[in-house]
Amino acid sequence: MRIRALLIIAAATAVTAGCGSGETATPLTQAATATTAAAGKAAGPDLSTETFTDETAKTAVDVQARDNAFVKPYIEIKAGTKVTFTNRGRNQHDVQPVTKGSFAPIPATDFQPTDSDEITFELPGDYSYYCSLHGTPTKGMIGAIRVLK
């Protein structure tokens, strides 16, 4: 019984140790957007058929990662808007940009259930993202942020 209690305490400590720092992440580069890829080909899913939720009146927007889906996967925001990604699922997730360098990724070690991290999008463009644990850049757990001027 005592060993079981120690194992429970150790597991709880390991889970809470992986929590995010709470610091705001910002785009790594202003040159790339997630729909721009080498040789002019689009990276990620075809966004022309997706319906984007208009969040342009807000200065801060929330996107939830739940098990196998992002809630509000396609949003439209104004430049300078802070997007908070929160893991509301039961599983570990991550948030990866389809185009490397378009924004700082949120690694799985910092995105356990209940963890949050923020990304501020400064430049107009489409920023596709995905959870590499539950999808690929084009299917599965995917989403995109359309940033307007």
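This report walks through a predicted model, from its overall layout to its cores and one loop.

## Overall layout

The protein has 1 helix and 10 strands. The helix comes at the N-terminal end of the order, which reads α-β-β-β-β-β-β-β-β-β-β.

Of the 149 residues in the protein, 41% are buried. The accessible surface is about 8,200 Å². Carbon and sulfur atoms supply 54% of that surface. Many contacts link distant parts of the sequence: among contacts with a separation of 6 or more, 63% join residues 24 or more positions apart.

## The nonpolar cores

In soluble globular proteins, nonpolar side chains tend to be buried together. Here, the largest nonpolar core holds 20 residues. F85, F121 and I145 have the most contacts inside this core. Six elements are listed as giving two or more residues to the core: β3, β5 (74-78), β6 (81-87), β8 (116-121), β9 (125-135) and β10 (140-148).

Another core lies apart from the largest one. This other core has 7 residues, including L47, Y74, V98 and I142.

## A look at I145

I145 shows who meets whom in the largest core. Neighbours within four places in sequence are left aside here. I145 then contacts I75, I77, V83, F85, F121, G125, D126, Y127 and Y129. Two of these partners, F85 and F121, are named with I145 as having the most contacts inside the core.

## The loop between β2 and β3

A loop runs between β2 (53-54) and β3 (60-66), and T56 lies in it. E55 lies in this loop too. Both residues are buried, each for a plain numerical reason. E55 counts as buried because its relative accessibility is 4%, and the cut-off is under 20%. T56 has 19% relative accessibility, so T56 also counts as buried.

What does E55 touch, leaving aside neighbours within four places in sequence? The partners of E55 are V61, K72, I75, E76 and I77. On the same terms, T56 is in contact with E76, I77, K78 and L148. E76 and I77 therefore appear in the lists of both loop residues.

T56 also has a partner close by in sequence. The side chains of T56 and D54 are joined by a polar contact of 2.6 Å. Further along the chain sits K149, 93 residues from T56. The C-alpha atoms of T56 and K149 are 9.8 Å apart.

Methods
Residues numbered from 1 in each chain as written. Predicted model: local features only at pLDDT ≥ 70, side-chain atom pairs only at ≥ 80, totals over all residues. Heavy atoms only, no water. Helix = DSSP H or I, 4+ residues; strand = E, 2+ residues; numbered from the N terminus. Buried < 20%, exposed > 50% of the residue type's maximum accessible area, 1.4 Å probe, protein only. Contact = heavy atoms within 4.5 Å. Polar contact = N/O pair within 3.5 Å; in protein donor to acceptor, adjacent residues only side chain to side chain. Areas by Shrake-Rupley, 256 points an atom, 1.4 Å probe, with all protein chains shown as cover. Core = buried A, V, L, I, M, F, W, Y, C linked by side-chain atoms within 4.5 Å.
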